[in-house]
Amino acid sequence: MAGLQIKQLVKSYGAMSVLHGIDLEVRDGEFLVLIGPSGCGKSTLLRMIAGLDDISSGELWIGDRLTNGLAPQQRNISMVFQSYALFPHMTTRKNIGFGPKIRREAGSVIDAKVNKAAETLNLHNYLDRLPRQLSGGQRQRVAMGRTIVREPDLFLFDEPLSNLDAKLRVQMRTEIKALHQQLKTTIVYVTHDQIEAMTMADRIVVMNGGRIEQIGSPLELYDRPANKFVAGFLGSPAMSFIPGTLERGDGVVRMRTSDGFTIPVGDTTAASGQPVEVGIRPEHYRLAASGQGFPYKVAVVEPTGSETHLFGTIAGVDVHAVFRDRIAPEPGSQMMLTVDSGKVHVFDGKTGNRI
């Protein structure tokens, strides 16, 4: 096993820069997830780690080896792609054992590796089947088995679950996390799915425009996002942002909205009179006591059984609120909501940074 260290990594295509000086350290045995919108550079970064794309400048270390000039096969990494890339004419056994065979390993060694991988991934009953006789999840496990037999220092996953249906994605998330806990190998995993990132990662790297916005554990990023981009990107349903002006008058910190109502806020360095935006996650809204709170105009009510989702507006801003209670307000009606000040995130109205 080995860690990964990236120093001032830059990727350019002619005059166009895609990655702008990435600094990142992945600890030995860590499960790190790269996440961000399409075009943010996460897959490019993964391909540079794998050696599939050249490095324009900077350093990339795997363990104690500088790998800038090393070919992919010299880096002792294994990669699982979005496409399973299985040989259609080979059985599961032969697909998993293809790499060791090419490396001219002994037949007994190959058999032992294939059997170990099959046991780890619960593929013993499918070793003699062709890819067309397997389900999508089984094919993905075969692709993972092919990486395991290499016994790499580093596993790379490039959106491996995006071709699976929703139910199978949930199952495979659990299987990949369990595999990591068993093998304890360093994993760098790329996804655009924030639920995958939140449920699987030891740490998450949020990328945007070829730069890193924030690095931290899933709950660190969820509870204390560094800026509006991270706050709005992580969380499903997404956080809503309401603009206004901060007030400290009588010592109670609050934000006054454009329609004159106030929303309590917690610890912030924002000055009185400063334009700000408060971010509130849908699950943190609560029904206010009589004569208290701020108005919420209901547009759509969606009961799901375990939760009730409301779509409406606060001070003219679209807001999604989620309640565990089975409430049933009429569309078009107005209700009063409140929020715990400690659950309110304050962002600078100009820069979008947390303050």
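This tour moves through a predicted model, with a selection to make at each stop.

**Stop 1: a residue in strand 4**

Begin by selecting I62, which lies in strand 4 (residues 57–62). Is I62 buried or exposed? Its relative accessibility is 3%, and because buried means under 20%, I62 counts as buried. Next, display the residues that I62 touches, leaving aside those up to four places away in sequence: A2, G3, L4, I49, T67, R75, I77 and L154. Then add V26 to the selection. V26 and I62 are 36 residues apart along the chain, and their C-alpha atoms are separated by 9.5 Å.

**Stop 2: helix 3 against helix 4**

Select residues 107–121 for helix 3 and residues 136–148 for helix 4. The axes of helix 3 and helix 4 come within 9 Å and cross at roughly 135°; the two helices are therefore oblique to each other. The crossing is right-handed. To view the contact, show the side chains of A117, T120 and L121 in helix 3 together with R141, M144, G145 and I148 in helix 4. Sorted by class, the residues of this contact are 4 nonpolar, 2 polar and 1 charged.

**Stop 3: helix 4 against helix 5**

Keep helix 4 selected and add helix 5, residues 166–183. How far apart are the axes of helix 4 and helix 5? The axes lie 11 Å apart, and the helices pack at an angle of about 20°, which means that helix 4 is roughly parallel to helix 5. Their crossing is right-handed. On the helix 4 side, the contact is made by G136, G137, Q140, R141, M144 and I148. On the helix 5 side, select L168, Q171, M172, E175, I176, L179 and L183. The contact of helix 4 with helix 5 comprises 7 nonpolar, 4 polar and 2 charged residues. R141, M144 and I148 of helix 4 appear in this contact and also in the contact with helix 3.

**Stop 4: the five-stranded sheet**

Finally, turn to an open sheet of 5 strands, with antiparallel pairing and the order 15-19-16-17-18. Which strands stand at the edges? Strand 15 (285–287) and strand 18 (317–323) do; each has a single partner strand, so one side of each is left without a neighbour in the sheet. From one strand to the next, the twist averages 50°. Within the sheet, select strand 16 (residues 294–303) and strand 19 (residues 334–339), which run antiparallel and are joined by 4 bridges. To examine one bridge pair, select P295 and its partner in strand 19, M336.

Definitions and conventions:
Residues numbered from 1 in each chain as written. Predicted model: local features only at pLDDT ≥ 70, side-chain atom pairs only at ≥ 80, totals over all residues. Heavy atoms only, no water. Axes fitted to C-alpha atoms, helices over the stretch in contact; angles between N-to-C directions. Parallel < 35°, antiparallel > 145°, perpendicular 65-115°, else oblique. Left-handed = near helix turned anticlockwise from the far one by under 90°. Contact = heavy atoms within 4.5 Å. Nonpolar A, V, L, I, M, F, W, Y, C, P; charged D, E, K, R; others polar. Pairing = 2+ DSSP bridges. Buried < 20%, exposed > 50% of the residue type's maximum accessible area, 1.4 Å probe, protein only.
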